[in-house]
Amino acid sequence: RLCRTCGGTGHVGETARPMLTQAVKNPDLSTFGTEEYPLHASQLPKLVTCPWRVAMRHLFGDTDEPGPAADTGSATHAAIAAWHTIAKGDPAAAVRAMADRFGEFPLAELDEAAALFLLYIRDPRNKDVEFPVVPGGKDVGVEVPIKFSLPAAPEDETEAPIVVMGRVDQVRRVQGKLRVYDIKTSKRPGLDLLHEHQYQIA
């Protein structure tokens, strides 16, 4: 059965039954978006298209198991981050750094991740990149953690601010201006990904 709102499965009908038979992890929805359970930037697209799906994940926990595609993407990100930082532009050192972190993405196809990484470093847009200094953290804009809060809506009885956190893949300085770069390893068309993740990027 498909959700009438987002077209997804796993949170409606019979497919949701395994989740609904589990113990409720966070019974109070009012804690969503707080310091204890912050809203992650990656959840924003789903929050806009299907709030119920996000609510189910908050109530019962995230039951989605990581897969090879997601882990391969994480491995690729690790190699790219290393190339711009500790590997100092050495591709072989970046791939080794990625392999050293294999425990973080055990389902990754490392050969595929290395191939995606090589495509990235061959792209002229990724050469001679200028990164800004990030106050209080790393000295370059790679894998930058972010956290901020938004005021509660007037009708929100809790009056608690909404806490948002996430991680920015890259912050680059381009022609004197700071620009956010979100690296995607999906095989889907880039324009589709841009539209799907515009809330997250914003």
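Helices H4 and H6 pack with their axes 8 Å apart, at an angle of about 45 degrees. The model is predicted. An angle of about 45 degrees falls outside the ranges for roughly parallel, roughly antiparallel and roughly perpendicular. H4 and H6 are therefore oblique to each other. Their crossing is right-handed.

Which residues make the contact? On the H4 side they are Thr-72, Ala-75, Thr-76, Ala-79, Ile-80, Trp-83 and His-84. Facing them in H6 are Leu-110, Glu-112, Ala-113, Leu-116, Phe-117, Tyr-120 and Ile-121.

Several of these residues return in the largest nonpolar core, which has 19 residues. Ala-75, Trp-83, Ala-94, Met-98, Phe-105, Phe-117 and Tyr-120 touch the most other members. Three elements give two or more residues each: H4 (68–84), H5 (91–100) and H6 (110–122). H4 gives the most, with six residues. In soluble globular proteins, nonpolar side chains tend to be buried together.

Phe-105 deserves a look of its own. Leaving aside residues up to four places away in sequence, Phe-105 touches Asp-71, Ser-74, Ala-75, Ala-78, Met-98 and Leu-110. Among these partners, Ala-75 and Met-98 are also named with Phe-105 as core residues that touch the most other members. Ala-75 and Leu-110 also take part in the meeting of H4 and H6.

Next, follow the chain out of H6. Asn-126 sits in the loop between H6 and strand E2 (142–150). Is this loop residue buried or exposed? Its relative accessibility is 9%, so Asn-126 counts as buried; the cut-off is under 20%. Beyond residues up to four places away in sequence, Asn-126 touches Trp-83, His-84, Tyr-120 and Arg-172. Trp-83 and His-84 belong to the H4 side of the helix pair, and Tyr-120 to the H6 side. The loop residue thus contacts residues from both helices.

Now step back to the whole chain. Its secondary structure comes to eight helices and four strands. From the N terminus, the order is α-β-α-α-α-α-α-β-β-β-α-α. Of the 202 residues in the chain, 35% are buried. Sequence-distant contacts feature too: among contacts with a separation of 6 or more, 55% join residues 24 or more positions apart. At the surface, the chain exposes about 12900 Å². Carbon and sulfur atoms supply 56% of that area.

How values were computed:
Residues are numbered from 1 along each chain as its sequence is written. This is a predicted model: local features need pLDDT of at least 70, side-chain atom pairs count only at pLDDT 80 or more; totals for chains, interfaces and linings use all residues. Side-chain values use heavy atoms; hydrogens and water are left out. Buried means under 20% relative accessible area, exposed over 50%, partly exposed in between (1.4 Å probe, protein chains only). Contact means heavy atoms within 4.5 Å. Accessible areas come from the Shrake-Rupley method with a 1.4 Å probe; for residues, only the protein chains shown count as cover. A nonpolar core is a set of buried Ala, Val, Leu, Ile, Met, Phe, Trp, Tyr and Cys residues joined through side-chain atoms within 4.5 Å. Axes are lines fitted to C-alpha atoms, for helices over the stretch in contact, and angles run from 0 to 180 degrees between N-to-C directions. Angles under 35 degrees count as roughly parallel, over 145 as roughly antiparallel, 65 to 115 as roughly perpendicular and the rest as oblique. A crossing is left-handed if the near helix is turned anticlockwise from the far one by less than a right angle, and right-handed if clockwise.
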